[in-house]
Amino acid sequence: MADTSSSHVDIDDHADVPKGALGDHGREMMRGAFESEMTLYSFAPNNVPKPLAWGTYKGEPDKHFYICDFYDMTDELPDIQKFCAVVANIHLESMGKSPAGKYGFHITTHLAYVGNDNSWSDSWEQWYARALKRMLEEEEGSHGPDEELAQLTTAMFEKVVPRLLRPLETGGRQIQPCLIHSDLWPGNVKPDAMTDEPIIFDSCAFWGHNEVDLGSWRASRYRLGHPYMEEYHNLIPISPPVEDWDDRNALYAMRYDLLHSALFPKEPKFRRAAMDEMKRLVDKYPDGFEAF
């Protein structure tokens with residue numbers, strides 16, 4: 001038994017309790033999970049477990065939870081066509097429906113334990129730069145400062161981020177915010193054991209550029225990769241400038257390498273991978289947006 005922030009909840013055989021956390025941060029995480037999944041469910045009710053409640057255990061006031069419908073799932077990659085169709089449909093159905101046409105979300109959501117600064121922004125460049133900065137700060141807190149990384153970070157924000165993201169919304173080009181799951185790795189995407197339909201869960205939702213949801217697909221460790229990206233873009237074309245697509249995807253993928261580096265402080269390979277990609281982009285775009 002538990003009391004949520006608004007009602008009494010009985011946990012039955014049709015419910016699952018996939019998340020639990022402690023303290024004020026844990027409470028914020030559970031609220032964010034509920035709001036994130038509820039918004040996602042509103043656009044894909046057949047592919048997202050229905051959120052039921054979030055709250056605090058009656059007998060453990062420092063312990064918090066999130067409850068959703070239970071699904072029996074297999075541990076396989078989802079069918080490429082079905083999965084990409086679900087993701088593309090969420091993006092298309094939600095496109096242009098962000099509050100006031102802005103980027104962000106109405107509360108904090110969490111990628112793993114790292115809270116997004118979801119403050120509303122008129123510019124996608126501004127929102128993503130803030131999210132990337134937040135992840136870099138978390139990574140430095142885990143591994144400590146590094147002079148080379150600091151220099152690369154400065155160049156990334158002064159040159160690379162403006163060069164790759166500003167063209168999306170200048171020169172007559174435009175994008176519309178759509179609902180982003182933002183954690184579409186195989187651990188959060190499973191086929192339904194009965195129907196084989198893709199079930200997606202554990203989102204960290206915000207309103208953003210649709211292509212950012214493909215960032216986690218780039219890493220070989222996630223077993224998705226370019227075949228899934230190509231199938232997705234059969235449904236939603238690449239945003240212009242098309243020639244920037246691969247480097248934009250690398251920029252979006254960088255946030256996940258930094259997250260992994262933050263999660264594994266004794267493992268240097270994720271920081272090195274992120275720094276190598278940063279160096280490649282800095283070397284490729286030394287003059288930033290001005291040279292576009």
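Cys-178 is buried, because its relative accessibility is 0%, and in this predicted model Cys-178 takes part in no disulfide, since the nearest cysteine sulfur, that of Cys-204, is 14 Å away while a disulfide needs sulfur atoms within 2.5 Å. Cys-204 is likewise in no disulfide, the nearest cysteine sulfur being that of Cys-178 at 14 Å, and Cys-204 is buried with a relative accessible area of 0%. A search of the whole structure finds zero disulfides, whereas a search for salt bridges finds 18. The points below take up the nonpolar cores, a patch on the surface, the salt bridges and some features of the backbone.

**Nonpolar cores**

- The largest nonpolar core has 64 residues, and the members that touch the most others are Phe-83, Trp-124, Tyr-128, Ile-200 and Trp-217.
- Setting aside neighbours within four places in sequence, Phe-83 is in contact with Pro-78, Leu-184, Val-189, Pro-198, Ile-200, Trp-217 and Tyr-228; Ile-200 and Trp-217, which appear among these contacts, are also named with Phe-83 as members touching the most others in the core.
- A second core, separate from the largest one, consists of eight residues, among them Ala-21, Ala-33, Tyr-66 and Cys-68.

**A nonpolar patch on the surface**

- Tyr-113, Leu-263 and Phe-264 together make a nonpolar surface patch of about 250 Å².
- Within this patch, Phe-264 has its place in the loop between helix H6, which spans residues 245–263, and helix H7, which spans residues 269–284.
- Phe-264 is partly exposed, because its relative accessible area of 41% falls between the limits of 20% for buried and 50% for exposed.

**Salt bridges between distant parts of the chain**

- Arg-130 forms a salt bridge with Asp-117, and the closest N and O atoms of the two are 3.3 Å apart.
- This pair links distant parts of the chain, given that Arg-130 belongs to helix H3 (residues 124–143) while Asp-117 sits in the loop between strand E7 (114–115) and H3, 13 residues apart.
- Both partners are partly exposed, with a relative accessible area of 22% for Arg-130 and of 31% for Asp-117.
- Asp-247 and Lys-284 form another salt bridge, in which the closest N and O atoms are 2.7 Å apart.
- Here too distant parts of the chain are linked, with Asp-247 in helix H6 and Lys-284 in helix H7, 37 residues apart.
- Asp-247 counts as buried, because its relative accessibility is 3%, which is under the 20% cut-off.

**A salt bridge within helix H7, and a network**

- The side chains of Arg-272 and Asp-276 meet in a salt bridge with an N to O distance of 3.2 Å.
- Arg-272 and Asp-276 are four residues apart in helix H7, so about one helical turn separates them.
- Arg-272 is partly exposed, with a relative accessible area of 37%, and Asp-276 is partly exposed as well, with a relative accessible area of 43%.
- Salt bridges that share partners join Arg-218, Asp-246, Asp-247, Glu-277, Arg-280 and Lys-284 into one network, and this network includes Asp-247 and Lys-284, the pair that links helices H6 and H7.

**Backbone features in loops**

- Pro-240 and Pro-241 are joined by a cis peptide bond, with omega at about 0°, and Pro-241 lies in the loop between helix H5 (226–235) and H6.
- Ser-182, a residue other than glycine, has a positive phi near 80°, and Ser-182 is found in the loop between strand E8 (178–180) and strand E9 (189–191).
- Despite its place in a loop, Ser-182 counts as buried, because its relative accessibility is 1%.
- Asp-196 also has a positive phi, of about 70°, although it is not a glycine, and the loop in which Asp-196 is found runs between E9 and strand E10 (198–200).
- Asp-196 is partly exposed, with a relative accessible area of 39%, whereas Ser-182 is buried.

Definitions and conventions:
Residues numbered from 1 in each chain as written. Heavy atoms only, no water. Core = buried A, V, L, I, M, F, W, Y, C linked by side-chain atoms within 4.5 Å. Buried < 20%, exposed > 50% of the residue type's maximum accessible area, 1.4 Å probe, protein only. Contact = heavy atoms within 4.5 Å. Patch = residues over 30% accessible without salt bridge, like charges linked within 9 Å, V, L, I, M, F, W, Y side chains within 5 Å. Areas by Shrake-Rupley, 256 points an atom, 1.4 Å probe, with all protein chains shown as cover. Salt bridge = Lys/Arg side-chain N within 4 Å of Asp/Glu carboxyl O. Helix = DSSP H or I, 4+ residues; strand = E, 2+ residues; numbered from the N terminus.
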